[in-house]
Structures are given as C-alpha cells and as structure tokens.
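Biologist: Let's go through this model together. I want to hear the reasoning behind each label.

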Amino acid sequence: MVTETLLTWIARAISGASVRWVESQPDTCQRVYFANHTSHLDVILVWSALPTQVRRLTRPVAAKDYWSRGWLKPRLAKSFNAMLIDRTEIKVHQSPVDLMVREIGRTHSIIMFPEGGRSSGESVGEFKSGLYYLAKKRPDLELIPVYINNMNRILPRGEFLPVPLLSSVTFGPPLWLEANEPKPDFLARAREAVLRLKEV
Amino acid sequence: MNANLLAFVGTVLLLLGIATFVGQWLRKRESPALDRRAIESFNSRIQAWWFFTAVIVMAFLLPGLTVLLFAAIAFWALREFVTLTPTRIGDHRALFWVFFFFTPMQFLLVYLDKYGLYSVLIPVFAFLFIAARAAVYGDYDRFLERIAKVQCALMICVYCLSYAPALLYLRIEEQSARYYPAGMLFFFITIVLASDLLEWFWSRVYSRHLIAEKIDPVMSWEGVLAGAASTALLGVVLQWASPFPYWWQTSAMALVIALTGAAGSLTMSAIKRDRGEVTSGNFVEGHGGVLGRIDSICFAAPVFYHVTRYFFGVA
C-alpha cells in the first residue's frame with residue numbers, strides 16, 4: 001500500500017507523464033491494455049497512470065527472466081502485482097496465454113507489451129501473436145491501445161540513469177477481435193490503433 | 001521591514017486584487033464583442049503574477065525557501081525545454097549531469113552567495129563539460145547542433161533564471177533607509193510582470209508594425225516601445241518604493257527590464273515555433289507551460305542583476 005503510493009509517485013516524478021484518455025474512459029471492467037515498449041519504466045508508468053481503483057485490479061505482464069533477478073526487482077514486481085511470464089520455457093498447456101487467462105480470472109485486467117522486447121522508440125515494432133490468442137480465448141475482454149511517448153529518451157535502452165523529461169501516456173478507444181478475423185490482420189489493426197494515438 | 005516597502009507590497013496586492021476581479025468579471029460576461037483568448041491571456045498573466053508575489057512575500061521571511069522555489073521552477077522549465085528539443089541517446093549522460101548536478105549546484109551556490117563560482121559554473125564548466133561528455137559517447141552526427149541545444153537550455157532555464165533569487169543576496173551601496181534584499185527582488189518582479197502586461201496591452205490597443213509576425217502575431221514595435229515607456233513612467237511613480245536613490249535611475253532600470261523582458265518573450269516564442277506544434281499538442285499541455293511564463297524573467301534577471309551590480313554594487 002505504502003510502496004504502491006511511493007512507486008506511483010516516483011514513476012510520475014521521473015516521467016512527468018501527462019495522462020490522456022482519448023475516446024475512452026477508465027473503467028474497472030476486465031481489460032487488456034497493450035502498449036508500445038521502449039523503456040524499463042513503461043510497466044510502472046502505465047500501471048501508475050491508471051486511477052487507483054482500476055490499478056488495484058490491473059496486473060502488468062512482465063518477463064520472468066528479467067524481473068526475478070537480483071534483490072530489488074522481484075520485490076518491485078510483487079508490489080505492483082506483476083504477472084511473471086516465463087518466456088524461455090514454454091510447455092504444453094502452460095503457454096503464456098493460458099497462464100494469463102488463468103491468472104486474470106473474472107476480475108483482473110492486464111497490461112502487456114505485444115512487441116515482445118523494447119524497441120528503439122522511433123517506431124513501433126511488429127506485434128507478437130500473444131494478443132491475438134488472448135483475444136481469441138477471451139473475446140469479452142476490452143482491448144485498450146496505449147501509446148507511451150518520449151519514454152525512450154527518459155530511460156533509453158542500455159542506460160540505467162533516467163533523465164527527467166516529460167512524457168505522455170495516451171489511452172485509446174477499445175477494440176475487439178472480429179469474428180473470423182485472420183491473425184495478421186488483427187495484429188496489424190491493433191498496432192495501427194497504438195500508432196494512431198501518436199497523432200491525436 | 002520599513003514602512004515604504006510594506007506600502008509597496010500592499011499596493012501591488014491591491015492592484016492584483018482589482019486586476020483579478022476585472023479578469024474574472026470579463027470572463028463571466030457573455031458578449032461577442034469580447035475577445036475570449038485575450039481575456040484568457042490576461043487572466044493567466046495575473047495568475048502568474050499572484051504566484052510570484054506569493055513567492056517573494058515569502059522571501060521576506062525565508063530567502064532560502066525562495067531560492068529553492070526558483071530552483072524548482074528552473075528544473076521544470078529545463079524539463080519542458082529539453083523535452084521540446086530533439087536529443088539523441090549520445091546526449092543522455094550529459095543531460096543526466098545537467099539535470100542532477102549543474103541545476104541543483106547553481107542554486108546551491110546562489111544560496112551560499114558564492115558569486116565568483118555561480119557566475120561561471122554554467123558558462124564555463126558546464127559549457128565545456130556538455131561538449132566533452134557528448135564527444136566521449138562518440139556520436140558525431142549533428143554534434144554541434146545537439147550540444148548547442150543542451151547548452152542553450154541550461155543557460156536560459158537555469159543560469160539566467162538563477163539571477164532572480166540572486167538579487168536577494170546582492171548588496172548595493174548604502175541606502176540603508178530604503179534598501180532591503182527582498183525588496184530588490186520584489187521591485188524586479190513587479191516591473192517585469194507590469195511591463196509584460198503593459199506591452200501586451202499597448203500591442204492590442206495600437207499596433208501597426210509587427211516585429212516578427214511569424215513568431216508572435218501580436219507583438220508590435222508600437223506595443224513594445226509604448227509598453228517600455230509606460231514601464232519607465234511606472235518606475236518614476238514607484239520611486240518611493242525603489243531601491244535606487246534617484247527617480248531617473250529607477251526609471252532607467254525599469255526601461256532596461258522592460259526591453260530585455262520583451263526580447264526574452266520574443267526569443268522564447270521563436271524557440272517554441274521552431275519546435276512546431278509539438279509544443280502545445282503532446283507534452284506540455286495540462287502543465288501550464290512554465291517556460292512561457294518565465295521567458296521575460298529569464299532575460300531580464302541577469303541583465304538587471306549585472307547592471308545594478310556594476311553601477312550600485314559594493315564588492
């Protein structure tokens with residue numbers, strides 16, 4: 001509780017983020033927030049941009065190999081209730097998507113970064129298929145595109161000291177998987193939805 | 001605190017109260033003859049003025065806290081400035097030092113009254129350091145352009161602004177009856193903000209020759225000159241509260257502040273225009289744009305400080 005508040009404040013102070021909801025409203029219904037990924041702070045940033053009520057129900061998806069190393073990272077991951085997904089060992093019936101579906105149950109929302117890894121920040125990379133399979137298994141989830149601007153300058157790849165510039169987090173209107181929509185089309189549409197938020 | 005100064009603060013607060021009242025009254029009136037944007041612009045100026053007045057009234061009690069507040073403003077302005085300026089990963093480490101070493105250090109030195117150090121910390125040490133640190137990274141693409149941007153950001157947002165709280169520590173030749181450190185800062189801020197308002201007012205009343213239409217569609221030669229003249233006149237009227245001994249000195253100082261302040265807001269507009277609509281659109285929106293509010297102070301403060309120091313200062 002205290003760590004949560006503290007983390008939120010630190011994340012906001014470092015990123016100076018202005019949060020905008022474009023054609024979209026915060027809601028406690030089950031959602032998947034999917035964002036472009038440019039820095040290690042993205043997870044905390046999107047999470048702390050949500051209103052407290054929503055944040056309590058939202059679990060960021062994070063890579064197990066990165067977040068379980070060392071002393072600090074597992075504790076941080078725990079305090080923002082992260083869902084650690086093993087991306088190295090994938091077993092049958094234990095695929096990341098199965099795990100996510102099981103973990104969120106009927107109450108939680110998740111934050112994910114469908115690009116897989118961090119991009120350089122100038123462009124948004126192609127989306128991995130996880131978002132598609134998740135939407136297929138749980139077609140009732142609202143898929144909210146999120147665009148994170150300028151974080152690649154605040155904490156670029158390979159740097160460990162942040163420079164406190166101003167960034168912005170933009171939440172867009174929800175989308176759903178259409179009936180019989182092919183995977184590549186859906187993923188391209190989702191990526192477009194994130195990119196469009198760059199312009200508004 | 002002497003009676004004159006108290007009366008001065010009282011007068012400014014009274015005028016601000018009246019201006020706020022008028023601004024709010026105009027805002028509520030529904031009339032097509034009124035220019036909405038002009039009223040909003042007027043009100044935001046008044047708000048900034050209230051803020052600075054509060055800061056300086058605090059300075060009478062706690063000078064250190066005022067330095068800290070100006071440091072916070074500088075930090076935020078620098079943030080806005082660098083956000084608007086494209087930098088590359090090669091500048092990252094240099095920027096880290098700019099934010100976490102040079103900015104706090106500058107204001108710490110102002111607080112400790114180390115003029116010999118803070119007057120050169122940024123123009124000499126930071127200036128060279130930024131260039132060297134970026135060179136060490138090894139990215140030479142648009143090198144000069146990039147380091148110039150960081151240097152310029154640090155100079156304007158931090159170095160220039162730090163001379164406003166430095167006025168609190170400026171000792172001038174004995175005019176003991178009327179001199180009070182916080183009074184100097186109060187006089188300075190009052191004149192800057194008044195000249196800003198007067199120039200804006202005259203530009204709206206009568207403007208024929210725009211200075212640079214593409215940069216600022218309102219600011220005109222007539223507005224600036226009439227504004228500066230009326231500020232000088234205001235200086236004469238305010239002689240009883242001024243830290244300077246003769247009316248013509250006060251008036252000349254007011255003129256200097258008005259002209260440099262106008263130059264400051266024009267220059268800052270040029271910088272923002274250069275960065276295009278990115279400015280208002282994505283980042284600074286909702287944060288009120290600190291940079292736009294302090295532009296005239298940034299330019300007027302170092303000039304006013306040094307002119308005063310040269311003519312009236314004691315070693």
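Modeller: Start with a cut-off: a residue is called buried when its relative accessible area is under 20%, and exposed when that area is over 50%. Keep in mind that this is a predicted model.

Biologist: Why is Pro114(A) called buried?

Modeller: Its relative accessible area is 3%. The limit is under 20%, so Pro114(A) counts as buried. Pro114(A) sits in the loop between strand S5 (109–112) and helix H7 (130–137) of chain A.

Biologist: What does Pro114(A) touch, leaving out residues up to four places away in sequence?

Modeller: Phe34(A), Ala35(A), Glu126(A), Phe127(A), Lys128(A) and Leu131(A). As for Asn36(A), it is 78 residues from Pro114(A) along the chain, yet their C-alpha atoms are separated by 7.4 Å.

Biologist: Over to chain B. Is Ser203(B) buried or exposed, and why?

Modeller: Buried. Its relative accessibility is 5%, and the limit is under 20%, so the label follows. Ser203(B) belongs to helix H7 (residues 181–205) of chain B. Not counting residues up to four places away in sequence, Ser203(B) is in contact with Val218(B), Met219(B), Ser220(B) and Gly223(B).

Biologist: And why does Leu15(B) count as exposed?

Modeller: Leu15(B) has 53% relative accessibility. Exposed means over 50%, so Leu15(B) passes. Leu15(B) is part of helix H1 (residues 3–28) of chain B.

Biologist: Which residues make the nonpolar surface patch that includes Leu15(B)?

Modeller: Leu14(B), Leu15(B), Ile18(B), Phe21(B), Val22(B) and Trp25(B). The patch covers about 650 Å².

Biologist: Now the interface. What makes Arg93(B) and Glu159(A) a salt bridge?

Modeller: Their closest N and O atoms are 2.5 Å apart. The rule asks for a side-chain nitrogen of Lys or Arg within 4 Å of a carboxyl oxygen of Asp or Glu, so the pair qualifies. The rule finds one salt bridge across the interface of chain A and chain B. It also finds 10 residue pairs in polar contact there. On the side of chain A that touches chain B, H1(A) gives the most, with four residues.

Biologist: How much area do chain A and chain B bury between them?

Modeller: About 1900 Å², with 55% of it on carbon and sulfur atoms. In chain A, Arg153(A), Pro164(A) and Leu166(A) lose the most area to chain B, together 35% of what that side buries.

Biologist: How many residues are in contact across these two chains?

Modeller: 26 residues of chain A meet 21 residues of chain B.

Conventions:
Residues are numbered from 1 along each chain as its sequence is written. Chains are lettered from A and ligands numbered from 1 in the order in which they are written. This is a predicted model: local features need pLDDT of at least 70, side-chain atom pairs count only at pLDDT 80 or more; totals for chains, interfaces and linings use all residues. Side-chain values use heavy atoms; hydrogens and water are left out. Patches are made of residues with over 30% relative accessible area and no salt bridge: like charges are joined within 9 Å, nonpolar side chains (Val, Leu, Ile, Met, Phe, Trp, Tyr) within 5 Å. Accessible areas come from the Shrake-Rupley method with a 1.4 Å probe; for residues, only the protein chains shown count as cover. Helices (H or I, at least four residues) and strands (E, at least two) are DSSP runs, numbered from the N terminus. Buried means under 20% relative accessible area, exposed over 50%, partly exposed in between (1.4 Å probe, protein chains only). Contact means heavy atoms within 4.5 Å. Buried area is the accessible area (1.4 Å probe) that two parts lose on being put together, summed over both. A polar contact is a pair of N or O atoms within 3.5 Å; within protein, one must be able to donate a hydrogen and the other to accept it, and residues adjacent in sequence count only if both atoms are side-chain atoms.
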